[in-house]
Each structure stands twice: as structure tokens, then as C-alpha cells.
Amino acid sequence: MTLGEVYKKIPGDLKVSRFSLAKAVSYIYNEDPSRYIFNDSIDIPLPIAQKIIKHFVSGYPLAYITNRVSFCASEFYVDERVLIPRQETQDLVEYAIKLISSCGIKTVADIGTGSGVIAVTLKKLNPYLHVFASDISSQALEVAQYNACKNMVRIDFRHGMFMEPFEGEKLDMIVSNPPYVHSSYKNRDLQYEPVNALYAGEKGQDFFIGLSKYEEVKKVKYMLFETTEFFIEETCRILSQFGYIEKLADRYGIYRFVKVLRF
């Protein structure tokens with residue numbers, strides 16, 4: 001299918017400009033947009049063309065077309081088995097790096113690792129760390145394991161939920177970007193991402209409620225979580241039983257992270 005034919009397949013009422021199309025295609029092929037603005041005869045393979053149309057019609061993520069995303073200056077593979085890492089999670093990692101450095105942390109567990117970006121980044125920046133990474137999705141773990149190989153780091157991957165994969169392990173720190181989207185929140189941009197990695201009940205707290213039932217959590221001295229800014233006070237209330245609570249803001253000043261220091 002030519003680029004011109006792709007453009008004609010996008011409904012006119014969406015008001016997609018040729019520049020927007022050229023920009024999307026250039027991102028997919030990692031080329032300059034100018035190559036695609038005035039050249040309708042360029043051939044686009046049909047599977048890619050169909051996904052480009054789907055992107056403009058229903059919001060299918062470009063990251064799932066390219067199967068790549070940049071995170072903390074490294075490149076990672078993503079597909080529909082995992083969430084697409086967001087910028088705010090990079091802020092979570094930066095907080096984690098500072099805590100690891102200042103507190104001499106040796107073992108870290110990334111619970112709900114998804115694509116593995118948190119675990120892999122922490123290991124790359126701190127080679128001495130023993131990094132565990134878990135997920136309830138075996139398919140997500142396949143992606144995370146691929147990303148560990150891609151970035152040439154060794155991660156101790158575990159399959160399971162909450163603290164179960166780490167039974168008998170001594171953990172200094174937990175870092176997690178768990179499911180925290182409240183069930184009533186609807187967003188077109190999320191519709192193609194895995195539901196079990198997104199939604200966590202009426203107030204987005206199901207993960208934190210579940211985690212709090214494990215006695216092993218009380219043995220972990222440091223914890224960092226990403227949560228919903230809409231119900232962060234509820235997250236703090238749930239986690240306060242484990243130690244001193246501090247809310248942390250992202251680069252835009254929005255409080256979306258919770259740090260726990262055990263008493």
C-alpha cells in the first residue's frame with residue numbers, strides 16, 4: 001500500500017494532516033519526516049499500513065508498531081503484552097537511584113516488572129545490585145527477559161504475585177510501578193494496553209491492599225511506589241502501617257510517588 005493510499009484510508013472527519021501522517025511514518029522508520037511529506041508513492045508494507053491507520057482511527061500506540069521505546073537513555077522492546085513505559089516512571093527510577101546510592105542498598109525487587117525497564121535500568125546504573133523482578137504475567141516476563149538480554153544485564157526474574165516470588169529472600173528495597181488506575185477511569189490511549197497491568201479497583205488501591213497482607217513486607221526497609229495522583233492519600237494511608245511515609249512529586253510537581261522507610 002502506498003503512503004497516498006494510507007492517507008485516503010484515514011477518515012476525513014478525523015482531520016489528520018499529511019504532516020501528522022509523515023511524522024508518524026518517519027517515527028516508525030526512524031527517518032526524517034521530509035521524506036514522507038511530498039512522496040505519496042512510497043510503499044508501506046500492508047501490516048504496517050493497517051496499524052498506521054488503526055493508530056489514527058482508534059489510538060493504537062506507535063510504540064507497538066515500532067516495538068521500541070526509549071527509557072532513561074536506553075532502548076527497550078515493547079509489544080501488547082506489556083505497558084508502554086511513561087515519563088513519570090523515569091522519575092520513579094531517579095528517586096530509586098538516589099536512595100540506592102545514599103543508603104547503600106544491595107538487593108532490590110521490582111514487583112510487577114512488565115517490560116522490565118525499572119529493573120534493567122537500576123541494574124545498568126548499579127552493576128553491584130542484586131535485582132529481582134517479578135510479574136504475574138508469564139508473557140510480560142518474556143518481554144522483560146528479552147530486554148535484560150538486549151541491555152546485557154543479569155536480572156533474577158520470578159513469576160508470581162506480591163511477595164510470594166521472594167519467599168526466603170532478604171530484600172533491602174522494593175520499587176514498583178504497579179496497577180493503580182481506578183476502574184472508572186476511561187482513556188482512549190490505554191485501550192490497547194494489558195488490563196491487568198492497569199486497573200486496580202474503585203480507587204486504584206487493590207495492589208497496595210493486597211501487598212499489605214504480607215508479613216514479609218514488614219522486613220523491607222525501603223520502598224518506592226508509583227501510584228495515582230487522584231488517590232495518593234489513600235495509598236499513603238494503606239502503606240503507613242509499614243513505616244514513615246513521604247509523598248514525592250514528578251518533574252511537573254504532581255505528587256504520584258510514595259516512599260516508605262521502615263520504623
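These legends accompany several close-up views of a predicted model.

**View 1. An aromatic pair joins tyrosine 95 and phenylalanine 257.**
Twelve aromatic pairs are counted in the model. In this one, tyrosine 95 and phenylalanine 257 meet edge-to-face, with ring centres 5.8 Å apart and 65 degrees between the planes. The pair links distant parts of the chain, as tyrosine 95 belongs to helix 6 (residues 87-103) and phenylalanine 257 to strand 9 (residues 255-262), 162 residues apart. Is each ring buried or exposed? Tyrosine 95 counts as partly exposed because its relative accessibility is 26%, while phenylalanine 257 has 0% and therefore counts as buried.

**View 2. Phenylalanine 207 and phenylalanine 208 form an edge-to-face pair.**
Here the ring centres of phenylalanine 207 and phenylalanine 208 are 5.4 Å apart, and the planes make an angle of 85 degrees. Both of these phenylalanines are buried. Look around them and you will find a cluster linked by ring pairs, made up of Phe162, Phe207, Phe208, Tyr214 and Phe225.

**View 3. Two arginines sit over tyrosine rings.**
Arginine 18 lies over the face of tyrosine 7, and the distance to the ring centre is 4.3 Å. For arginine 68, the charged end is placed over the ring of tyrosine 27, at 5.0 Å from the centre of that ring.

**View 4. Threonine 228 is a buried loop residue.**
Where does threonine 228 lie? Its place is the loop between strand 7 (222-226) and helix 10 (232-239). With 3% relative accessibility, threonine 228 falls under the 20% cut-off and so counts as buried. Leaving aside residues up to four places away in sequence, threonine 228 touches Tyr180, His182, Lys203 and Gln205. Proline 179 is 49 residues from threonine 228 in sequence, yet the C-alpha to C-alpha distance is 9.3 Å.

**View 5. Leucine 122 belongs to the largest nonpolar core.**
In soluble globular proteins, nonpolar side chains tend to be buried together. Which residues of this 57-residue core touch the most other members? They are Leu122, Ile155 and Met173. If you follow leucine 122 outward, not counting residues up to four places away in sequence, you meet Val93, Ala96, Ile97, Ile100, Val108, Leu129 and Val175 as its contacts.

**View 6. A second nonpolar core is separate from the largest one.**
This core has 23 residues, including Phe166, Leu211, Val217 and Phe242.

Note on methods:
Residues numbered from 1 in each chain as written. Predicted model: local features only at pLDDT ≥ 70, side-chain atom pairs only at ≥ 80, totals over all residues. Heavy atoms only, no water. Phe/Tyr/Trp six-rings, centres within 6.5 Å; stacked < 30°, edge-to-face > 60°. Helix = DSSP H or I, 4+ residues; strand = E, 2+ residues; numbered from the N terminus. Buried < 20%, exposed > 50% of the residue type's maximum accessible area, 1.4 Å probe, protein only. Lys NZ or Arg CZ within 6 Å of the ring centre and 35° of its normal. Contact = heavy atoms within 4.5 Å. Core = buried A, V, L, I, M, F, W, Y, C linked by side-chain atoms within 4.5 Å.
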